[in-house]
Amino acid sequence: MKNIRFIVQPGGKLSGRIRVPGDKSISHRSIMLGSLAEGVTEVTGFLEGEDALATLKAFQSMGVSISGPNQGKVIIQGVGMKGLKQPKEALNMGNSGTSMRLLSGIVAGQDFTCTLTGDASLSKRPMKRVIDPLTQMGAQITSQDKGLPPLTIEGSSQLKAIDYNLPMASAQVKSCVLLAGLYAEGETRVVEPAPTRDHTERMLRGFGYEVTSRKLDDLATEARITGGGKLTATQIDVPSDISSAAFFMVAASIAPGSDLVIEHVGINPTRTGIIDILKLMGADILLENEREVGGEPVADIHVRAAQLEGVVIPEHLVPLAIDEFPVLFVAASAAQGQTVLTGAEELRVKESDRIQVMADALQAVGIDAQPTPDGMIITGGEQQAQSAAIISHHDHRISMAMTVAGLRAVAPIAIDDCANVNTSFPGFVSLAQSVGLMVTAEEA
Ligand SMILES: O=C(O)C1=C[C@@H](OP(=O)(O)O)[C@@H](O)[C@H](O)C1
Ligand SMILES: C=C(OP(=O)(O)O)C(=O)O
C-alpha cells in the first residue's frame with residue numbers, strides 16, 4: 001500500500017458546522033441484518049469507509065444482492081436466515097475487527113465452511129474470544145497459533161444455545177454470540193461485565209426480532225435471544241459516527257477561539273463516554289436539537305474551546321469511549337495537570353497497541369506520557385518538540401489523533417502510514433481543512 005503522509009502545521013482554530021461520515025458500528029450491522037432479513041432493506045447515511053465496505057463485499061460474496069453505496073444509500077435484497085451461500089474464496093475483512101468477529105457469529109450458524117482473513121494489523125488481533133463461545137455452541141474453528149486469523153469456520157445448522165459470561169467488556173464478542181444465537185436451538189444468554197455499545201440489540205429489535213436486556217447490578221448487563229426466528233426488512237438511517245466526531249470535539253476544545261457544531265451525531269448512551277470525559281475535564285459541549293432517528297438518539301454537538309483540566313478517568317466510562325482514547329490522550333496533553341487512565345487494557349489489542357503507540361507519539365512531540373499495563377498517565381503541558389515524525393502502525397485513530405495534536409504543536413508534525421484513515425473516515429483531510437485544521441496529505 002502507498003504511504004500517505006499527513007503533514008500538520010502547528011496552530012489553527014476551528015469554526016463552522018460539519019457533518020462527519022456515518023457510524024461504522026451501525027453500518028456494519030445494517031448490512032449483516034439486512035442480508036439475513038426477508039425483504040428489501042434500504043440504508044441511508046451508510047459509511048463508505050473500507051471497514052464497512054469489507055462487510056458489504058463479504059455478504060455479496062455469500063450471494064446477497066446489494067446495490068450501492070451511492071451517496072450513502074445501500075439497498076439490500078435480504079436472503080432470509082438460511083439464504084447465504086458458501087463463498088468461492090476466503091472473505092477478506094481488511095483492517096476490520098468488527099467484521100471478523102461479528103461475521104464469525106453468523107458464519108457459525110451456516111451449513112458451510114468458510115475462511116476469514118485480514119490485513120497485517122487484523123492478523124495480529126485476538127480471536128480466541130470468539131472462537132471459545134462459538135466452539136461451545138457447536139461450530140468448528142481453526143485458527144493460526146494463539147487464536148490469530150485467518151479463521152476457518154465450519155458452521156453447523158444445529159448450534160446449541162449457551163449461557164455465556166463475557167471475559168471482557170466487548171460489544172464485538174457480545175454481538176458475535178447474539179448473532180450465533182439467532183441460529184441456535186434454545187435461548188442464548190450473554191452477560192457483559194460492564195455495558196458496551198448496544199447497536200446489535202437495538203437493530204435486531206428494529207428488524208422485528210425480540211432481544212431482552214436487563215441490568216444485573218451496577219455494571220453487569222445480560223442480553224437474551226432465542227434462536228429460530230426471522231428478521232423482517234426495514235429502513236435504516238445511519239447517524240454520524242460519534243467516534244469520528246470525537247476528533248473534532250477534542251480539536252475544538254483545545255484550540256483557543258474555536259466554535260464548532262458537528263451535526264446529526266449518534267449519541268446512543270453506550271457511546272457517549274467521550275462527552276462525559278471531556279465534560280469532566282471542563283470542556284464546553286452542548287447537545288442541541290436532540291431527536292431520535294431509526295431507534296438511535298441523535299444530536300448536534302456544539303463545542304467551544306475551553307481550558308481543560310486533568311482528571312482520573314472513571315473506569316466505568318472506559319467501554320463507553322473505547323475508540324476515543326487516542327484523541328482523549330491528546331486532550332489530556334493540552335490539559336492542566338495530570339490525567340490518569342486505568343482499566344483500559346483492551347486498548348492494547350486494537351488496530352495497534354494504542355497505549356504504547358500513543359505514549360511514543362506524545363513523547364515524540366514532547367509531552368510527558370507514561371504508559372502503564374492498563375492505561376496511561378499524562379501530564380499536560382506545552383508541546384516542546386521542534387520536529388516530530390510519527391508512525392500510525394496501521395491505525396486510523398492514531399493518524400487522526402496526532403493530526404489534532406498539531407493544533408498545540410510548536411513545529412510541523414509528519415505522520416506516516418495514514419491511508420488507513422479511509423477505513424473509518426473517508427474525506428477526513430478535506431473536512432478538517434474546511435474547519436481550520438492545517439493538515440495536508442501527500443504520497444511519500
Ligand atoms: O461492536 C463494535 O462495532 C465495536 C466494538 C468495539 O470493539 P470491542 O468489542 O473489541 O471493544 C470497538 O472498539 C470497535 O471499534 C467497534
Ligand atoms: C477498534 C476499531 O475497529 P475494529 O475493532 O472494528 O477494527 C476502531 O475503529 O477503532
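1. Two residues count as in contact if their C-beta atoms, placed from the backbone, lie within 7 Å. With that in hand, start at helix H4, residues 128-137. The model is predicted. Val130, Ile131, Pro133, Leu134 and Met137 are the buried residues named in H4. Their cover includes helix H3 (97-107) and helix H5 (171-181). Strand E8 (140-144) and strand E10 (163-165) are also among the covering elements. Just after H4 comes Gly138, with a positive phi of about 120°.

2. Overall layout. The chain is divided into domain 1 (4-21 + 239-443) and domain 2 (24-237). Their centres, taken over C-alpha atoms, are separated by 28 Å. Domain 1 gives 24 residues to the contact, and domain 2 gives 26 residues. On the side of domain 1 that touches domain 2, 7 residues are nonpolar, 12 polar and 5 charged.

3. Record annotation. An unreviewed UniProt entry carries "domain: Enolpyruvate transferase" over residues 8-429. Across residues 8-429, helix makes up 28% of the chain and strand 27%. The end C-alpha atoms of that stretch are 10 Å apart.

4. Ligand 2. The residues around ligand 2 are Asp51, Ser96, Gly97, Thr98, Asp323, Lys350, Glu351, Arg397 and Ser424. By class, this shell has 5 charged and 4 polar residues, and no nonpolar ones. Each of domain 1 and domain 2 supplies at least three residues to the shell around ligand 2.

5. Annotated binding site. The unreviewed UniProt entry marks Lys24, Gly97, Arg125, Gln172, Arg354 and Arg397 as "binding site". Gly97 and Arg397 are listed there, and Gly97 and Arg397 are also among the residues around ligand 2.

6. Lys24. This residue sits in helix H1, residues 24-36. Lys24 counts as buried because 23 C-beta neighbours lie inside 10 Å, and the cut-off is 20 or more. Setting aside neighbours within four places in sequence, Lys24 is in contact with Leu47, Gly49, Asp51, Ala52, Asp241, Ser243 and Ser424. Two of these contacts, Asp51 and Ser424, also appear in the shell around ligand 2.

7. Arg354. Its place is in helix H10, residues 354-364. Arg354 is buried because 26 other C-beta atoms lie within 10 Å. Not counting residues up to four places away in sequence, Arg354 touches Phe325, Pro326, Leu347 and Asp395.

8. Strand E5 and its partners. Strand E5 spans residues 73-79. The covered face holds Val74, Ile76 and Gly78. Lys73, Ile75, Gln77 and Val79 form the uncovered face. Strand E3 (residues 38-44) runs antiparallel to E5, with 6 bridges between them. Gly39 has Gly78 as its bridge partner in E5. Strand E4 (residues 65-70) also pairs with E5 in the antiparallel sense, over 4 bridges. There, Asn70 is bridged to Lys73. The hairpin of E4 and E5 has 2 residues between the strands, and Gln71 takes a positive phi near 50°.

9. Strand E20 and its partners. Strand E18 (residues 338-341) and strand E20 (residues 375-379) run antiparallel, joined by 4 bridges. Strand E19 (residues 368-372) pairs with E20 in the antiparallel sense over 5 bridges. Which residue of E20 is the bridge partner of Thr339? The partner is Ile378. Ile378 is also the bridge partner of Ala369. A hairpin of 2 residues joins E19 to E20.

How values were computed:
Residues numbered from 1 in each chain as written. Chains lettered and ligands numbered in written order. Predicted model: local features only at pLDDT ≥ 70, side-chain atom pairs only at ≥ 80, totals over all residues. Near = placed C-beta within 6 Å. Nonpolar A, V, L, I, M, F, W, Y, C, P; charged D, E, K, R; others polar. Domains from an automatic or database assignment. Buried ≥ 20, exposed ≤ 12 C-beta atoms within 10 Å, placed from the backbone. Pairing = 2+ DSSP bridges. UniProt positions renumbered as here; feature names shortened; annotations may be inferred.
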